[in-house]
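Colleague: I should like to learn how to read the features of a model such as this one. Might we take them one at a time?

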Amino acid sequence: MSTRRFDLLIFDWDGTLMDSTGAIAQSIRLACADLGLRVPQTEEARQIIGLGLAEALHTLLPDMAPDDYPRLVERYRYHFLGQDHTLPLFDGVADTIAALHDADYRLAVATGKSRRGLERAFDHSGLRKFFHASRCADEGYSKPHPGMVLELMDCCGVDAERTLMIGDTSHDLQMALNAGVASVGVAYGAHSAASLQACQPLYIADDFKGLVAWLKIHA
């Protein structure tokens, strides 16, 4: 315990703890098709995962009027909410989160999901009881703004040097940089290892097992 480097571990949700990036990208593409919009390539759709709603739509469809966003959001939710209760956690996530909680780490979630979406994910996964705090994109600034991380540190009473952000997108890791905290990337989610490396993480895990191994030694 005396050699522990971090007290607060902040996890992204989609693509980091839950295997949901494929479903999110496909739901985005189907929603665009429903409205007769240009259907983005899967890789394009994956790149906006983790951003807040307005930022994501502006990035993906820069010519779309903000007044039209609700129509696209409705179609996205139609496709995604029909399956979100079936989306699995990555292998080992449930046991690892429980073990980290039992080891007295403070655990938090910083996600581009809405609050309603995260609450659904908490309920379906059974992980709610292990997290001390969470912040969602519809409650403040979108990633990569540092707001979510700063609020979570304040809520948990942990300083920046004792905080670690763990995520699968460059938005997650850039948020960590902007907040002055260390980060670890996971390359099994939405963004490539190369894009994660540009954000100066301490480590990039190829799979969740690799993340767990790193945390056991370095966190």
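Modeller: Certainly; please bear in mind that this is a predicted model. Let us begin with the largest pocket, to whose lining helix 1 (21-34), helix 3, helix 4 and helix 6 (115-125) each supply at least two residues.

Colleague: Which helix gives the largest share of the lining of the largest pocket?

Modeller: Helix 4 does, with six residues. As to the general idea, rolling a probe the size of a water molecule over the atoms shows where empty space is left. In this case the largest pocket has a volume of about 680 Å³. It is lined by 30 residues, of which Leu53, Tyr76, Gly112, Lys113 and Ser114 are the closest to its centre. Sorted by class, the lining comprises 16 nonpolar, six polar and eight charged residues.

Colleague: Where does the largest pocket lie with respect to domain 1 and domain 2?

Modeller: The domain assignment of the protein chain gives domain 1 as 8-19 + 88-218 and domain 2 as 21-85. Both domains give residues to the lining of the largest pocket, so the pocket lies between them. The centres of domain 1 and domain 2, taken over C-alpha atoms, are separated by 23 Å. To the contact, domain 1 brings 17 residues and domain 2 brings 16 residues.

Colleague: How should I read the packing of helix 3 against helix 4, and at what angle do their axes cross?

Modeller: Two packed helices are described by the angle between their axes and the distance between the axes. Here the axes of helix 3 (residues 53-60) and helix 4 (residues 69-81) cross at roughly 100° and come within 11 Å. Angles of 65 to 115 degrees count as roughly perpendicular, which means that helix 3 is roughly perpendicular to helix 4. Helix 3 makes the contact through Leu53, Ala54, Leu57 and His58, and helix 4 through Tyr69, Leu72 and Val73. By class, this contact has six nonpolar residues, one polar residue and no charged residues.

Colleague: What is to be noted in the backbone at Asp104 and at Pro144?

Modeller: Most residues other than glycine have a negative phi, and most peptide bonds are trans. Asp104, although not a glycine, has a positive phi of about 75°. Asp104 sits in the loop between helix 5 (93-102) and strand 2 (106-111). Lys143 and Pro144 are joined by a cis peptide bond, with omega about 10°. Pro144 belongs to the loop between strand 3 (133-136) and helix 7 (147-156).

Technical notes. Residues numbered from 1 in each chain as written. Predicted model: local features only at pLDDT ≥ 70, side-chain atom pairs only at ≥ 80, totals over all residues. Heavy atoms only, no water. Axes fitted to C-alpha atoms, helices over the stretch in contact; angles between N-to-C directions. Helix = DSSP H or I, 4+ residues; strand = E, 2+ residues; numbered from the N terminus. Parallel < 35°, antiparallel > 145°, perpendicular 65-115°, else oblique. Contact = heavy atoms within 4.5 Å. Nonpolar A, V, L, I, M, F, W, Y, C, P; charged D, E, K, R; others polar. 1 Å grid on protein atoms, 1.4 Å probe; cavity = no way out; pocket = protein on both sides within 12 Å on 5 of 7 lines; lining within 4 Å. Points joined across faces, edges and corners; volume = space filled by probe spheres on them. Domains from an automatic or database assignment.
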